[in-house]
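Here are a few friendly notes to read alongside the structure, starting with aromatic rings and moving on to nonpolar residues.

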Amino acid sequence: MSTTAIKTRSDSQIDALVADAQADSTAAQQLALDASKLAGLATERLETFRDAGFFKRCWYKLNGRTESIARATTADLVEMQALAWQYLAALQKQNLIEARSIAIIRNNLAELAETQFETRELLLSLTTRVGHKIGRLEQVTSVIDWRTSLKVQGYDRLPPVMQVLSVVYDYSALLRENDLAMERIVESKDLEAAFEMLGIDGWQEFTLSGFAERLLDETMAAGMPALEGIVEIRAGERVLAADQVLEMVSGSGFNCVYEVASCLPMISRVARHAREEDRRTLMLGSVRDHLSSPDARYCLLDLAREIAAGISLVRSLCETDAPVAPGQAPATLPQEPQPFSLEDLLSRHVPLQAHPITELLVDANSRQLYIDALILAMASPGEDSQRRGYLSSLSRLLQCEPADASIERVLRDPRRVQIDRVLDELSARERQYAWLVDATFLGCEAGGLTARARGVILQMARAFNLKNDDAERFVDAATVLATETVPAKLIEALARIATHTGAWRAIIDFRKLSFAGAFAKTSWALTQHSMGGVNLSLAISRLAMDVMGQMSFGDEGFFQRTAISAKRSLSVSSFNDLRKKVEAFEEGGRAHVNEANRVLRAFGQESHYVRASLYDCAADKDTAVSNENWCDNMDKALDKLRDYLDACVDVMHELSSRLDAMEAGRW
């Protein structure tokens with residue numbers, strides 16, 4: 001980009017900024033990084049970063065504007081980008097860009113340098129200034145000691161990306177603790193030697209989004225505290241939040257680390273009950289959206305030096321936390337609250353996984369008719385991002401035209417939706433109920449189902465030949481599904497919906513509804529009650545051993561025969577007592593079993609009951625010694641009693657397991 005070919009606001013503005021840079025080097029380095037990040041942005045992405053901290057600093061300082069950035073036109077933004085180039089060139093001419101800033105600037109502009117001669121010239125002049133010094137700094141004992149002890153510091157126990165980050169952050173802390181010049185970050189081979197010592201290939205290349213993906217995978221496996229412990233930066237006694245760090249230093253690679261760190265807590269709150277692959281997709285999409293150059297290729301050593309330089313600049317900015325003069329933008333600008341829609345975010349990055357209509361309607365035209373009919377029932381189709389998000393996800397799942405195009409087409413002329421064909425395609429009851437569930441969700445606003453949408457939906461229900469009372473009760477249940485978050489109310493609604501359609505799963509999946517703790521009481525009661533079966537099982541085993549000892553061989557004397565008969569009578573009595581206890585055990589857990597099955601049925605799942613019976617489970621009352629089959633008969637009766645008890649315990653365990661799975665979102 002030729003700066004002479006672009007109209008600038010005024011040379012005096014740049015001259016004033018260069019003068020400020022001579023007075024306040026730290027603030028100048030920050031603005032230089034901001035300018036390089038702005039200069040490296042593709043023109044079509046300028047709007048995306050309008051609200052970022054680096055963008056605002058450039059707006060107020062480079063442009064010297066006082067009006068809100070919200071009023072900026074595309075022409076203003078392009079002009080500001082040209083000013084950024086002028087500012088960088090002016091700083092370089094006056095030799096005011098520090099070596100640690102160069103580590104970041106050259107990465108910010110690396111992708112652009114591949115196609116623009118002026119960018120290559122600027123980077124060449126920057127790197128030439130420090131290139132001749134590399135490796136020639138004095139050898140410092142503390143750095144040598146650190147390098148030689150690397151192999152016993154436990155770095156090899158960390159996954160690859162976290163290992164690299166841990167080395168870089170420890171190196172930065174070492175320079176700070178020993179009051180060493182931060183120029184060592186760029187002008188020495190300290191990090192290169194450290195990587196060689198640990199067997200890390202410092203020259204391997206990757207894209208920024210690829211690095212973010214690997215870091216996300218490692219963090220999801222090791223846990224958020226593992227990453228937080230490595231990338232923590234302190235300002236005095238205060239730990240800086242990842243969002244604060246992002247606002248302070250504009251380095252694409254450095255920011256990538258803190259984009260990951262900042263997105264994880266938000267995602268864990270938003271989608272803690274989503275499937276793991278969904279959470280990963282959501283995080284990757286969120287991080288990639290905030291990277292200024294996601295496809296830029298990096299050498300690992302260059303990234304490491306940039307991160308170390310970023311840490312150093314953040315600490316310098318915290319130490320020079322000077323008052324802000326009137327009319328100037330602060331070094332770290334407060335973030336303006338942005339409208340946030342969970343459903344909108346999820347619909348962008350986590351598409352619906354399944355919907356029964358995909359199997360019920362296989363023809364592309366039939367699926368598009370289904371979508372068009374839904375748009376007729378939407379509440380404020382042009383405004384509600386949540387409902388549009390669901391329709392977008394459903395359209396993608398059904399491989400229909402984009403939802404925005406469908407909405408525009410249907411709203412332009414609603415009469416062109418061929419209702420007779422819609423009714424033809426939705427002739428089967430399961431398709432009709434699926435449509436009612438989707439339409440009710442799309443017809444809801446903050447206050448519930450709108451009167452207009454309800455009218456359209458019930459009119460369609462009548463066209464489906466559903467009874468008015470049945471249709472109204474079903475739509476009421478679907479409204480609860482679309483708006484409620486209380487598990488008890490949702491389960492009651494699902495009990496009515498799930499018998500007709502499985503479309504409720506798509507709504508729960510999209511809304512990311514949580515049932516955490518909803519079934520814990522019943523699950524715990526089932527588990528506790530099943531433990532009582534252990535004692536009963538042991539008692540049955542003990543009685544079986546006693547029975548085996550009461551066998552007659554036909555050669556016993558009178559007193560022995562009398563004793564065997566008496567023991568058999570006691571065993572029969574013990575059996576009857578055990579049978580009563582097993583029956584009481586089953587009856588005692590019946591309420592918990594029924595409650596668990598009620599929940600399963602509400603979620604459209606199969607009930608679990610004890611299929612065995614004690615109908616023919618009875619002791620052999622003929623205890624005479626002459627009854628040669630008594631022991632075998634008693635053994636069979638005890639087996640039946642044990643089988644029945646085991647069946648009761650198995651049902652309780654299965655139900656408890658199913659409830660736990662549903663709490664975790666696996667239904």
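1. Phenylalanine 510 has a relative accessible area of 2%, so it is buried. Please keep in mind that this is a predicted model. Its partner ring, phenylalanine 441, is also buried, at 1% relative accessibility. The two form an edge-to-face aromatic pair, with 6.1 Å from centre to centre and 75° between the planes.

2. What does this pair tie together? Phenylalanine 441 sits in helix H24 (residues 429–442) and phenylalanine 510 in helix H28 (residues 504–511), so the pair joins parts that are 69 residues apart in sequence. Ring pairs also bring in Tyr390, giving a cluster of Tyr390, Phe441 and Phe510.

3. In total, the structure has ten aromatic pairs. One of them is stacked: phenylalanine 206 with phenylalanine 211, at 5.5 Å centre to centre and 20° between the planes. Both phenylalanine 206 and phenylalanine 211 are buried.

4. Now to the largest nonpolar core, which has 96 residues; Tyr370 and Trp435 touch the most other members. Helix H31 (residues 630–663) supplies the largest share of this core, 15 residues. Apart from this core lies another of 87 residues, including Ala28, Ala84, Leu91 and Ala235.

5. Leaving out residues up to four places away in sequence, tyrosine 370 has contacts that include His355, Leu394, Arg431, Trp435 and Asp438.

6. Finally, have a look at the surface: Met531, Val534 and Leu538 make a nonpolar patch of about 280 Å². Valine 534 belongs to helix H29 (residues 520–548). Is valine 534 buried or exposed? Its relative accessibility is 44%, so valine 534 counts as partly exposed.

How values were computed: Residues numbered from 1 in each chain as written. Predicted model: local features only at pLDDT ≥ 70, side-chain atom pairs only at ≥ 80, totals over all residues. Heavy atoms only, no water. Core = buried A, V, L, I, M, F, W, Y, C linked by side-chain atoms within 4.5 Å. Buried < 20%, exposed > 50% of the residue type's maximum accessible area, 1.4 Å probe, protein only. Helix = DSSP H or I, 4+ residues; strand = E, 2+ residues; numbered from the N terminus. Contact = heavy atoms within 4.5 Å. Patch = residues over 30% accessible without salt bridge, like charges linked within 9 Å, V, L, I, M, F, W, Y side chains within 5 Å. Areas by Shrake-Rupley, 256 points an atom, 1.4 Å probe, with all protein chains shown as cover. Salt bridge = Lys/Arg side-chain N within 4 Å of Asp/Glu carboxyl O. Phe/Tyr/Trp six-rings, centres within 6.5 Å; stacked < 30°, edge-to-face > 60°.
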